[in-house]
Amino acid sequence: MYRRTTLSHNLLDEQRRLGGSGSFTALMTDILTACKMVAHEVNQGALVGNLGVAGSENVQGEEQKKLDVLANDIFLHMNALGGNYAGMASEELEDVHAVKGSADGRYLLLFDPLDGSSNIDINISVGSIFSILRLPDGASPNSADAFLQPGVKQVAAGYALYGSSTMLVLTTGNGVHGYTLNRDVGMFFLTHRNMTVPADTKEFAINASRMRFWEPPVRRYVDECLAGKEGPRGKDFNMRWVASMVAEVHRILVRGGVFMYPADAENKAKGGKLRLMYEANPMAFIIEQAGGMATTGTQRIMELQPTGLHQRVPVILGSRNEVERIVQYHGDKK
Ligand code: AHG
Ligand code: MN
Ligand code: MN
C-alpha cells in the first residue's frame with residue numbers, strides 16, 4: 001500500500017504537466033475533503049441518527065432524506081472555504097449558489113450531493129457526483145446562464161462511491177482513474193489506473209418495472225437480450241438494477257455493461273428522469289473517457305445545449321457496441 005501513489009500527488013503531477021497555477025489542484029482538494037466527510041456521515045448511519053427522511057422536498061418535488069440535506073450542506077460549505085469556485089449548483093437547490101468573497105474563483109461546481117438516496121436506509125451503495133466548468137469570461141456566477149454549458153466544456157468530472165469501500169473516480173480529460181480511500185490515513189490511493197469500458201457486454205441495467213411505458217427501440221433491445229442464446233443476439237444476458245447511478249456506472253467501468261434510464265411514455269413530458277447537469281453530463285464524460293458511449297438514444301449527451309439547471313434527459317450509456325446498437329434501433333424507428 002505504501003508504494004501506491006495518492007490522488008493528491010497525481011493532481012500535483014497534472015498541475016506541473018499543464019503548468020497550472022494550482023487553483024485546480026486546490027479546488028479538487030476541497031471536493032476530496034467534502035467526499036471524505038460525506039463518506040463518514042454515510043458510514044455512521046443509524047448510530048448518529050443519519051437515516052430516514054428530512055421532512056422536506058427539493059426543487060424537483062422529491063422527498064429529501066436527511067443525508068441528502070447533510071451531504072448538500074457539506075459540499076456547499078467545504079467547497080466555499082477555499083474560494084476556488086465562483087459558484088455552485090446542486091440538485092438539491094433551486095437556484096445557483098454564488099460563493100461570497102471569492103473574487104478569484106474561476107470555476108463552477110455542479111453536484112448531486114447524494115445519488116441513489118433511496119438506498120440509504122437499506123445500507124446499499126450511494127455516491128456523490130460532480131462536474132467542474134470554467135466561469136465564462138464576463139459571466140456572473142449569480143446567474144444560471146453561466147452554468148448552462150454543454151458537457152463537452154467540462155474541465156473535470158467524477159464521483160465518490162460510498163460502497164463496501166469508498167472510492168473516488170475522476171477524469172480531467174486524460175483517461176479515468178479510480179482511487180480507494182484508506183480511512184485511517186485519510187487519503188485516496190490509486191487502485192484503478194486507466195479504467196476502460198469493454199466494448200462488448202452481456203449485462204444490462206434498466207428499471208424493468210417501467211416496461212409498459214417503454215418506446216419501441218428500448219423494448220426491442222431488451223426483448224432481444226431476454227431472448228438469450230436462442231434469440232437474435234445468440235447469447236444469454238444478465239440484468240442488474242441497483243437504483244444508484246453511481247454504483248451502476250462503477251460496475252460498467254469495472255466489467256462493462258449498459259445502463260439505461262430512457263425517455264418513456266410516463267417521463268417524456270419532463271424530458272426523462274436523470275438530470276443533465278448533475279448526473280448525465282459528468283457520467284457521460286467519465287464513460288467516454290473510458291472508451292464507452294453516452295447518448296439520449298438520438299444525440300450524444302455531452303453535445304446537448306442545456307436550457308435549464310434542473311433539466312432532465314434520457315440516458316443510455318456504457319459498452320460501445322451495445323450503445324451503438326441501441327442508437328441504431330432508435331434510427332430504425334423513423
Ligand atoms: P437521486 O438519489 O440523486 O435522486 O438519483 C436517483 C437516480 C439514479 O441514481 C438512479 O439510477 C435512479 O434515480 C433510480 O430510479 P428508480 O427509482 O426509477 O429506480
Ligand atoms: Mn442522483
Ligand atoms: Mn441526489
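1. Let me start with M28, which is found in helix 2 (residues 23–44). Helices here are DSSP runs of H or I with at least four residues, strands are E runs of at least two, and both are numbered from the N terminus. M28 counts as buried because its relative accessible area is 0%; buried means under 20% relative accessible area, exposed over 50%, and partly exposed in between (1.4 Å probe, protein chains only). Not counting residues up to four places away in sequence, M28 touches L11, F130, I132 and L170, where contact means heavy atoms within 4.5 Å. Q15 is 13 residues from M28 along the chain, and their C-alpha atoms are separated by 11 Å.

2. Some housekeeping before going on. This is a predicted model, so local features need pLDDT of at least 70 and side-chain atom pairs count only at pLDDT 80 or more, while totals for chains, interfaces and linings use all residues. Residues are numbered from 1 along each chain as its sequence is written, chains are lettered from A and ligands numbered from 1 in the order in which they are written, and side-chain values use heavy atoms, with hydrogens and water left out.

3. On the overall layout, the domain assignment splits the chain into domain 1 (7–192) and domain 2 (203–332); such bounds come from an automatic or database domain assignment. The C-alpha centres of the two domains lie 24 Å apart. Across the boundary, 48 residues of domain 1 are in contact with 31 residues of domain 2.

4. Now the metals. The manganese ion (ligand 2) has D112 (OD), D115 (OD) and E279 (OE) as its protein donors, at 1.9 to 2.1 Å. Donors are N, O and S atoms within 2.8 Å of the metal (3.2 Å for Na, K and Ca), and water is not among the atoms, so sites may look incomplete. Along the chain, the donors of this ligand 2 ion follow the spacing D-x2-D-x163-E.

5. For the manganese ion (ligand 3), the protein donors are E91 (OE), D112 (OD) and L114 (O), lying 2.2 to 2.3 Å away. Their spacing along the chain reads E-x20-D-x1-L. Which residue coordinates both manganese ions? D112 does, and the two ions are 3.7 Å apart.

6. How exposed or buried are the donors? D112 counts as buried because its relative accessibility is 0%. D115 is buried too, with a relative accessible area of 5%, and L114 is likewise buried.

7. E279 also turns up in a helix pairing. The axes of helix 5 (245–255) and helix 6 (residues 276–289) come within 11 Å and cross at roughly 10°. Those axes are lines fitted to C-alpha atoms, for helices over the stretch in contact, with angles running from 0 to 180 degrees between N-to-C directions. Helix 5 and helix 6 are therefore roughly parallel to each other; that label covers angles under 35 degrees, with over 145 being roughly antiparallel, 65 to 115 roughly perpendicular and the rest oblique. On the helix 5 side, the contact is made by M245, V246, V249, I252 and L253, and on the helix 6 side by E279, M283, I286 and I287. By class, that gives eight nonpolar, no polar and one charged residues. Nonpolar takes in Ala, Val, Leu, Ile, Met, Phe, Trp, Tyr, Cys and Pro, charged takes in Asp, Glu, Lys and Arg, and polar the others, Gly among them.

8. Staying in helix 6, have a look at M277. M277 is buried, with a relative accessible area of 2%. Leaving aside neighbours within four places in sequence, its contacts include L110, S131, F147, L148 and Q149, as well as P306 and L309. F130 is 147 residues from M277 along the chain, yet their C-alpha atoms are separated by 9.1 Å.

9. C225 lies in helix 4 (residues 216–226). Its relative accessible area is 2%, so C225 is buried. Outside the residues up to four places away in sequence, C225 touches F204, R233, K235 and F237.

10. Finally, two backbone spots to check. Most residues other than glycine have a negative phi. N123, in the loop between strand 5 (107–115) and strand 6 (126–134), has a positive phi near 60°, and at 73% relative accessibility N123 counts as exposed. A243 has a positive phi near 70° and is found in the loop between strand 12 (238–239) and helix 5. At 34% relative accessibility, A243 counts as partly exposed.
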